[in-house]
Amino acid sequence: SAAQKLVSVDGVDLLVSWTASTVPVLSALANTARIPFLAGAYDKNVARAGPYVFGAFVNYELVPREIARFLVEKKGARRLALVMAADDWSQSFETPFREEAQKLGAEVPLNEVLSPDEKDSRSLILKLKQEKVDAVLAPLYAGSLYSFLKLARELRFSGAIHVGDGMFEEDLRIAGPSAEGVYAS
């Protein structure tokens, strides 16, 4: 309703959102009103959204593929895992990452989804170790990110950890020493 007001009452010429997760909600309005809508990312939702919807800055079809190549080719990982938050952003990493990892000859034996506010991922870290995972892509944020990193260090998970594009200065400050050696794009 706020976007409808911006278009109908305020007469804006452009809609902008930092996340592609708003595309399913706002694309119909943009296309009907013939007003460009710029999302701060590109993904399958943007690709299918219509002629007035555009994505910019982060391409969630390419980023996970680049991460898989980095982990396999640069870090030598052969057994990978995905640990995602239960949301569209995090889960958008899954298909491109898995496809690229398999194309490169790596296995993805573990795929877990966590609540965004999950604070205890001990059993998950133990599964990573049990499955002999070399590297994990964990596009998490906030409490689940900090907890995952802290417990991975405490439980001595030795594999590489990549958090996608979700590691910012505030995250580094909060995660502290647990962020050492963690990769982000």
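This is a short dialogue on reading the cores and the cavity of a predicted model.

Colleague: What should I know about the numbering and the cut-offs of this model?

Modeller: Residues are numbered from 1 along each chain as its sequence is written, and in this predicted model local features need pLDDT of at least 70, side-chain atom pairs count only at pLDDT 80 or more, and totals for chains, interfaces and linings use all residues. Side-chain values use heavy atoms, with hydrogens and water left out.

Colleague: Which residues touch the most other members of the largest nonpolar core?

Modeller: A nonpolar core is a set of buried Ala, Val, Leu, Ile, Met, Phe, Trp, Tyr and Cys residues joined through side-chain atoms within 4.5 Å, where buried means under 20% relative accessible area with a 1.4 Å probe, protein chains only. Here the largest core has 34 residues, and V23, L71, L80 and F97 touch the most other members. Helix 4 gives the most to this core, with five residues (helices are DSSP runs of H or I, at least four residues, numbered from the N terminus).

Colleague: What is V23 in contact with, beyond its neighbours within four places in sequence?

Modeller: Contact means heavy atoms within 4.5 Å, and V23 is in contact with F37, A39, N45, V46, A49 and V53. Apart from this core lies another, of 25 residues, among them A81, L110, L151 and F157.

Colleague: Is T19 buried or exposed?

Modeller: T19 counts as buried because its relative accessibility is 16%. T19 also touches A39 and G40, not counting residues up to four places away in sequence.

Technical notes. Buried means under 20% relative accessible area, exposed over 50%, partly exposed in between (1.4 Å probe, protein chains only). Helices (H or I, at least four residues) and strands (E, at least two) are DSSP runs, numbered from the N terminus.
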